[in-house]
Amino acid sequence: MEVLRPQLIKIGGRVYRKNPIQEQTYQHEEEDDDYYQGLVECAEEPCETYEVVQTPQGFRCTVKAPSLLYKHIVGKRGDTRKKLEVETKTSISIPKPGQEGEIVITGQHRSGVVSARTRIDVLLLTFRRKQPFTHFLAFFLNEAEVQERFLKFQEEVLEKCSMDHGVDSSIFQNPKKLHLTIGMLVLLSEQEIQQTCEMLQQCKEEFIDDISGGKPLEVEMSGIEYMNDDPGMVDVLYAKVHMKDGSNRLQELVDRVLERFQASGLIVKEWNSVKLHATVMNTLFRKDPNAEGRYNLYTADGKYIFKERESFDGRNILKLFENFYFGTLKLNSIHISQRFTVDSFGNYASCGQIDFS
């Protein structure tokens, strides 16, 4: 992170600078205290976006958060909470580990309660970003025709390109798991899964029905491309997905869904547009068939993830299969898929969905 361009965090309509005191990966809970010291420059003026209730004793505000994140507000031996309470002149009540509930902030001065709430929000957002992705929004692309054509693609690639560096059967996608990802999610409680379902339903009512016309979107999956800059050292090869009628409706739909979820905070903003693609080869599969194309840089306990991968030479594949046709599909549902889980058909388990028709 550049000193003159610190990361900006948007909370409740306001933008704050996040100023870590040093650039290093978070590894242990006991580092919470040092991390908190320089976490954010927080505005002290009243913020009208928070619901602060006046009580006979002063003021009160509540924060909803999954229990998994409570420890980051408490800190080692409760030091983070103590610092928050001292600096904002408030009292902060946090549910016990494993219990769902609300964090309650009380204080004699409204400005102190608002300041504590803002700092807690920043802490929650910061450590949420360090959690591994748990779910993703996606279209399933595993219709029978496409699976058959994918297996044909795999067969021909291995027949014609198996002598190329790094090309073998282990790096091909499972045809039952072919999908188009709209965005990655960190959902840490049943309430957050339900919130995601409700948000997806709102998208359907507000714009998806208009774009789709209440009918499935007919698309073609054809042609291949690679993610990085060097076709001789490829990690991810994907099939391109586009509307059969040549329109931009699929791109418009997924971009608006992404925008809505980013605005809600359920998806961290990384891009302004969704890259329409279906991964067909990925070097992460080489050592772990259940690996997935995207992952956070941190595990649930804050440890940095390093995924060693051996790239493959994709030049011949790109030349021979540049326009390979995988098939036509009718996209009729957006799913909230759970990572590392499968249903009875071998596809990702779905926690919820909306249908176009």
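Hi everyone, let's start from the outside: the protein chain has an accessible surface of about 18,200 Å², with 47% of that belonging to carbon and sulfur atoms (areas by the Shrake-Rupley method with a 1.4 Å probe; for residues, only the protein chains shown count as cover).

Please keep in mind that this is a predicted model, where local features need pLDDT of at least 70 and side-chain atom pairs count only at pLDDT 80 or more, while totals for chains, interfaces and linings use all residues. Residues are numbered from 1 along each chain as its sequence is written, and side-chain values use heavy atoms, leaving out hydrogens and water.

How confident is the predictor? On pLDDT, its confidence in each residue from 0 to 100, the protein chain has a mean of 86, and 81% of its residues reach 70 or more. Over residues 21–34, though, pLDDT is below 50, and that stretch has 32 contacts beyond near neighbours in sequence in the model (a contact means heavy atoms within 4.5 Å).

Now, inside. Of the chain's 357 residues, 49% count as buried, meaning under 20% relative accessible area, with exposed over 50% and partly exposed in between (1.4 Å probe, protein chains only). The largest nonpolar core has 57 residues, and Phe 139, Phe 153, Met 221, Leu 250 and Ile 317 touch the most other members. Such a core is a set of buried Ala, Val, Leu, Ile, Met, Phe, Trp, Tyr and Cys residues joined through side-chain atoms within 4.5 Å.

Take Ile 317: leaving aside residues up to four places away in sequence, Ile 317 touches residues including Phe 153, Leu 237 and Glu 322. Apart from this core lies another, of 28 residues, among them Leu 84 and Tyr 348. Thanks for listening!

Conventions: pLDDT is the predictor's confidence in each residue, from 0 to 100.
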